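Reader: I have a structure open and should like to go through it with you. Could we begin with the core and then turn to the DNA?

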2 protein chains.
Amino acid sequence: MADGRGTSSHSGENLLFLTDEQLRQAIEAMFFAYRGFTADPDRILVDMAYGRAHHRAIHFINRAPGTTVNNLLGLLGVTKQSLNRVLRTLIADGLVESQVGKSDKRERHLYLTEAGRALEQTLSDAQRVRMRSAFREAGPEAVAGFRSVLETMMDPEMRHSYQRLKENSG
Amino acid sequence: MADGRGTSSHSGENLLFLTDEQLRQAIEAMFFAYRGFTADPDRILVDMAYGRAHHRAIHFINRAPGTTVNNLLGLLGVTKQSLNRVLRTLIADGLVESQVGKSDKRERHLYLTEAGRALEQTLSDAQRVRMRSAFREAGPEAVAGFRSVLETMMDPEMRHSYQRLKENSG
DNA sequence: GAGTTTACGTCAGCCTTGTTGACTTTCCAA
DNA sequence: TTGGAAAGTCAACAAGGCTGACGTAAACTC
């Protein structure tokens, strides 16, 4: 593992893409790419009183309208206190609406308001511009590989959430 | 752009992978995957008094031994005050060594100590385990696509840093 | 019907990691 | 020799994580 090889080559395959050096490069690629990934929406958010946490909440509420607070906690992977702070400001600012559940009145169902949808559109447009040009440049096969690796990299629980969101949104 | 299409299809190509829905899914994949990407080293770091910022500093000092503080600032994309706080603790704990430059004595050249290298190894081993199994599962073509998309997603400046690191380390 | 669990909100306090601004020391270069 | 770049330090602050404790209402269970 420390000899520069990803694995002992007990098969005939070419496993050079699994060497430690290749993996190190991939780790750096993830780091640098994620910076690019968040850069554009971040620039928009600083002008408002919001941060990346607000963006994430808005993204998933838009993606799963009517989601409960508990469900959102699972998607975001933060504590309820942390989410609540963000949600409170979004509700106070009229970007998110909280509705008491009909069947279960303990639950709050979350929806974006018109203003919330507008901000979501602005942010995701900005983020998609970069994604789209990267995808176009890299081509369909590369994109398929990109998504395949990302999916296998997730924790199983996250992968499950990811798949459910995919299915519920075409 | 808001009609669910990534682009008007003025060519004969199949551009379905550029639809807004596909891009949204990719955005979510990046978010969930990055969580997985950082999860393993994070678990190790909480037991020590360190965080992700320390990990990043250690990673790049290991990767580019003798790098200057200024150079490291560019790689990490933070302020010198923020980096300095991290660096100070690493130096105090004997994981990083700071050497005054020979030609330019204003510069500080940074190196990992033996203990620093040991921690780096522990952290990157943990991170590579997940990477390696994801790569193995997805296969070489997928990995090539993965890296290609990540590279085109970086800001040009970051891409340049990334390429230089690659060249200087085989 | 009483007791327990669940969902949510909130207060208080803490930590990491980012920021700006001001200031000093060192030292290179015009 | 003087201006400015590089490095470091101090102070103050903010975002956004965290834990722990507590309260309320609703739902569930026995």
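Reader: Which residues touch the most other members of the largest nonpolar core?

Author: They are A:Phe135, A:Phe146, B:Phe135 and B:Phe146, in a core of 96 residues. A nonpolar core is a set of buried Ala, Val, Leu, Ile, Met, Phe, Trp, Tyr and Cys residues joined through side-chain atoms within 4.5 Å; buried means under 20% relative accessible area (1.4 Å probe, protein chains only). This is a predicted model: local features need pLDDT of at least 70, side-chain atom pairs count only at pLDDT 80 or more, and totals for chains, interfaces and linings use all residues. Side-chain values use heavy atoms, without hydrogens and water, residues are numbered from 1 along each chain as its sequence is written, and chains are lettered from A and ligands numbered from 1 in the order written.

Reader: What is A:Phe135 in contact with, leaving aside neighbours within four places in sequence?

Author: Its contacts (heavy atoms within 4.5 Å) include A:Val143 and A:Phe146, and also B:Phe17, B:Leu18 and B:Val149.

Reader: Now the DNA. Which residues come nearest to strand C?

Author: Among the 25 residues around DNA strand C (a heavy atom within 4 Å), the nearest are A:Asn70, A:Lys80, B:Arg56, B:Thr79 and B:Arg85. Sugar and phosphate make up 62% of the atoms of DNA strand C within 4 Å of the protein.

Reader: How far is the polar backbone atom of A:Asn70 from a phosphate oxygen of that strand?

Author: The distance is 2.8 Å, a polar contact (N or O atoms within 3.5 Å).

Reader: And which residues are closest to strand D?

Author: For DNA strand D they are A:Arg56, A:Thr79, A:Arg85, B:Arg106 and B:Arg108.

Technical notes:
Polar contact = N/O pair within 3.5 Å; in protein donor to acceptor, adjacent residues only side chain to side chain. Buried < 20%, exposed > 50% of the residue type's maximum accessible area, 1.4 Å probe, protein only.
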